[in-house]
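Work through the exercises below with the sequence and the structure at hand. Attempt each task before reading its solution.

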Amino acid sequence: MLWHDGRTERQVLTLKLILLAAPGAGKGTQAENLSKHFGIPTISTGAILRKNIAEGTELGSIAKKYIDDGKFVPDEVMIDIVRKRLHEDDCKGGFILDGFPRNLAQADVLDKSDIEIDKVLTIEVDDETIIERLSGRLECEECGTTYHTVYRKPKKEGVCDNCGGKLIVRADDKPEIIKSRLATYHSQTEPLKEFYRAKGMLVTVIGQNGIEKTTEKVLEALEN
Ligand code: AP5
């Protein structure tokens, strides 16, 4: 099978990608577009945790305490979740890892594991734009699809285009929590860019433009 960009199915299916960017930079939004384009699943650690919180599981009750403070969930918890998920069958042909690793300890464990990674994509967006994006974000409580009150409006107000679910504001999108998440990102996650740059794996895209323009730039960057 040939994909619309001319590559064979085999070439497309082997992409194992990490998305490494600030909260609100558009990881989830771009992951959705890339997942459709490449036909590979997105593993979002944030979405896994939110699902557990909504279902009231033991993991959810542990995670909620950290997420509500804009802090990271403990490494051992996250590593266990990701290791199990990436060994599931649907990840054999490739995956998009959104939200992991988030600090050097997690990156080091992944690096020493049997999980191979092809590329690490970072999307650069300034803090001012991020605050504007997160302040207007809406998320479907059923399927997790993300919208924005200005940049990505649903067809019908308050209703998900994909599944008809209710659109809600995420609990961690309050102004004081956004600030704390950004500070945690700059101190703990941003150093990973250097970690992956040194390994020749880092691909950088400026994400200040609109959603579709950013997807075009991401696809162009991943081709090279
Ligand atoms: P997680 O869910 O991963 O949150 P995050 O990293 O803070 O990222 P976000 O989901 O907020 O933003 P995004 O970059 O996906 O942006 P989006 O596409 O939605 O994690 C949540 C929490 O879980 C963490 O804080 C932590 O506590 C815990 N956790 C998760 N993983 C962990 C780990 N490995 N270790 C420890 N703890 C962990 O876009 C944002 C908005 O902007 C949307 O409204 C969108 O429509 C809009 N938008 C996107 N792109 C554009 C564009 N180009 N132009 C205009 N608008 C745009």
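The exercises that follow treat a sheet, a helix and a group of salt bridges.

The model is predicted, so local features require pLDDT of at least 70, side-chain atom pairs count only at pLDDT 80 or more, and totals for chains, interfaces and linings use all residues. Residues are numbered from 1 along each chain as its sequence is written, and side-chain values use heavy atoms, with hydrogens and water left out.

**Exercise 1. The sheet**

Task: Determine the strand order of the open sheet of five strands, and identify its edge strands.

Solution.

Step 1. Helices (H or I, at least four residues) and strands (E, at least two) are DSSP runs, numbered from the N terminus. Two strands pair if DSSP finds at least two bridges between them.

Step 2. The order in the open sheet is β2-β3-β1-β4-β8, and the pairing is parallel. The edge strands, β2 (42-44) and β8 (202-206), each pair on one side only.

Step 3. Between β2 and β3 (residues 95-98), three bridges run in the parallel sense. Ile-43 has Leu-97 of β3 as its bridge partner.

Step 4. Helix α10 (residues 211-223) lies across β1 (16-20), β4 (119-124) and β8, and runs at about 155 degrees to β8. Axes are lines fitted to C-alpha atoms, for helices over the stretch in contact, and angles run from 0 to 180 degrees between N-to-C directions.

**Exercise 2. The two sides of a helix**

Task: Decide which residues of α3 are buried and which exposed residues lie on the face turned away from them.

Solution.

Step 1. Buried means under 20% relative accessible area, exposed over 50%, and partly exposed in between (1.4 Å probe, protein chains only).

Step 2. In α3, the buried residues are Thr-45, Gly-46, Leu-49 and Asn-52. These residues lie on the same side of α3 because they cover an arc of only 130 degrees around the axis. The arc is that of the directions from the helix axis to the C-beta atoms.

Step 3. An α-helix has 3.6 residues a turn, so residues three or four places apart point the same way.

Step 4. Exposed residues Lys-51, Ala-54 and Glu-55 are carried by the face turned away from the buried side of α3.

Step 5. The buried residues of α3 pack against β2, α4 (58-67), α5 (75-86) and β3; contact means heavy atoms within 4.5 Å.

Step 6. Just after α3, Gly-56 has a positive phi of about 70 degrees.

**Exercise 3. Linked charges**

Task: Trace the salt bridges of Glu-139 and of Arg-137, and place them in a network.

Solution.

Step 1. A salt bridge is a side-chain nitrogen of Lys or Arg within 4 Å of a carboxyl oxygen of Asp or Glu. The whole structure holds 20 salt bridges.

Step 2. Glu-139 meets Arg-50 in a salt bridge (3.5 Å, N to O). Glu-139 belongs to strand β5 (residues 137-140) and Arg-50 to helix α3 (residues 45-55), 89 residues apart. Glu-139 is buried, at 10% relative accessible area, whereas Arg-50 is partly exposed, at 24%.

Step 3. Glu-139 also forms a salt bridge with Arg-170, with the closest N and O atoms 3.7 Å apart. Arg-170 lies in the loop between β7 and α8, so this pair ties together parts that are 31 residues apart in sequence.

Step 4. Arg-137 and Asp-173 form a salt bridge (2.8 Å, N to O). Both Arg-137 and Asp-173 are buried.

Step 5. The network of salt bridges links Arg-50, Arg-137, Glu-139, Arg-170, Asp-172, Asp-173 and Arg-181.
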